[in-house]
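Thanks, everyone, for making the time. I would like to walk through one chain with you, moving from its strands to its backbone details and then to its cysteines and its pocket.

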Amino acid sequence: MALLNILNFPDPRLRTKAKQVTDFNKKICELTDNMFLTMYAAPGIGLAATQVNVHQRIITIDISEEKNQPLVVINPTILEKEGEQATDEGCLSLPGIYEPVKRYDKIRLKAQDKHGKFYELDTEGLLSVCIQHEMDHLEGKLFVDYLSEMKRNRIRKKLAKALKA
């Protein structure tokens with residue numbers, strides 16, 4: 001297994017829309033394993049393939065404290081959504097930045113595992129927010145897109161300054 005390079009905002013590759021996975025093979029299994037390794041090392045609770053410059057609809061998530069509940073989400077679709085919550089979100093592509101974002105509180109998700117098997121999942125709270133956040137990455141969207149232009153510019157400058165240091 002290998003650590004992958006996480007793209008940082010404002011890298012334009014983060015704006016690439018991911019393509020459906022149609023071939024579930026050994027490469028997909030290796031990629032998800034490497035994504036988990038990268039996500040845990042960062043440390044984070046979710047990672048979209050787009051963030052590691054692989055433009056396929058693949059997400060890895062583990063919101064457990066023990067890091068022992070890995071969830072692979074491939075070709076996700078939200079079937080139902082309910083309620084709304086605003087929580088501070090962070091992102092491995094925007095290190096050290098946290099801002100409140102409104103998301104659906106509960107969702108029903110349809111997706112595939114790393115072997116291509118379909119499943120449905122009812123989620124709420126942190127898992128629901130994490131899935132929606134990572135699904136945005138697959139569409140080329142970042143959580144800062146929900147913020148004002150002024151806040152986005154402030155964040156861009158802060159990250160550029162941190163990069164120079």
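Let me begin with the hairpin formed by β6 and β7, which has five residues between its two strands and, in the turn, G116 with a positive phi of about 95°. Please keep in mind throughout that this is a predicted model, and that the values I quote are computed from it.

The two strands of that hairpin, β6 and β7, the latter covering residues 118-124, pair in the antiparallel sense over seven bridges. If you want one position to anchor your view, take L109, whose bridge partner in β7 is L121.

From there we can follow the pairing to β3. Strand β6, residues 106-112, also pairs with β3, again in the antiparallel sense, and here there are six bridges; T77, for example, has K110 in β6 as its bridge partner. β3 in turn pairs with β2, antiparallel once more, over four bridges, and within that pairing I59 stands opposite V73 in β3. As a general reminder for anyone tracing side chains here, in a regular strand the side chains alternate between the two faces of the sheet.

While we are on β3, which spans residues 71-82 and includes N75, I would point out the backbone at that asparagine. Phi of N75 is near 55°, a positive value in a residue other than glycine. Is N75 buried or exposed? Its relative accessible area is 7%, and because that lies under the 20% cut-off, N75 counts as buried.

A second asparagine, N53, also has a positive phi, near 65°, but the setting is a loop, the one between β1 and β2, where β2 covers residues 58-61. N53 has a relative accessible area of 34%, so it is classed as partly exposed, since that value falls between 20% and 50%.

Next, the cis peptide bonds. One runs from F9 to P10, with omega near 10°, and P10 sits in the segment before α1, the helix of residues 26-41. Another joins A42 and P43, with omega about -10°, and P43 is placed in the loop between α1 and β1, the strand of residues 46-48.

Now to the cysteines. How many disulfides does a search of the whole structure find? The search finds zero. C91, accordingly, is in no disulfide, and the nearest cysteine sulfur, that of C130, is 10 Å away, whereas a disulfide would need the two sulfur atoms within 2.5 Å. C91 is buried, with a relative accessible area of 10%, and C29 is buried as well, at 18%.

C91 also brings us to the largest pocket, which holds about 460 Å³ of space. Its lining is made up of 23 residues, and those lying nearest the centre are I45, G90, C91, L92 and Y98. Which elements give two or more residues to that lining? They are β4, residues 85-91, β5, residues 94-103, and α2, residues 125-138. In character, the lining residues of this pocket divide into 13 nonpolar, seven polar and three charged.

To close, I would ask you to look again at two places on the display: N75, buried in its strand with a positive phi, and C91, buried and among the residues nearest the centre of the largest pocket.

Conventions
Residues numbered from 1 in each chain as written. Predicted model: local features only at pLDDT ≥ 70, side-chain atom pairs only at ≥ 80, totals over all residues. Heavy atoms only, no water. Buried < 20%, exposed > 50% of the residue type's maximum accessible area, 1.4 Å probe, protein only. Pairing = 2+ DSSP bridges. 1 Å grid on protein atoms, 1.4 Å probe; cavity = no way out; pocket = protein on both sides within 12 Å on 5 of 7 lines; lining within 4 Å. Points joined across faces, edges and corners; volume = space filled by probe spheres on them. Nonpolar A, V, L, I, M, F, W, Y, C, P; charged D, E, K, R; others polar.
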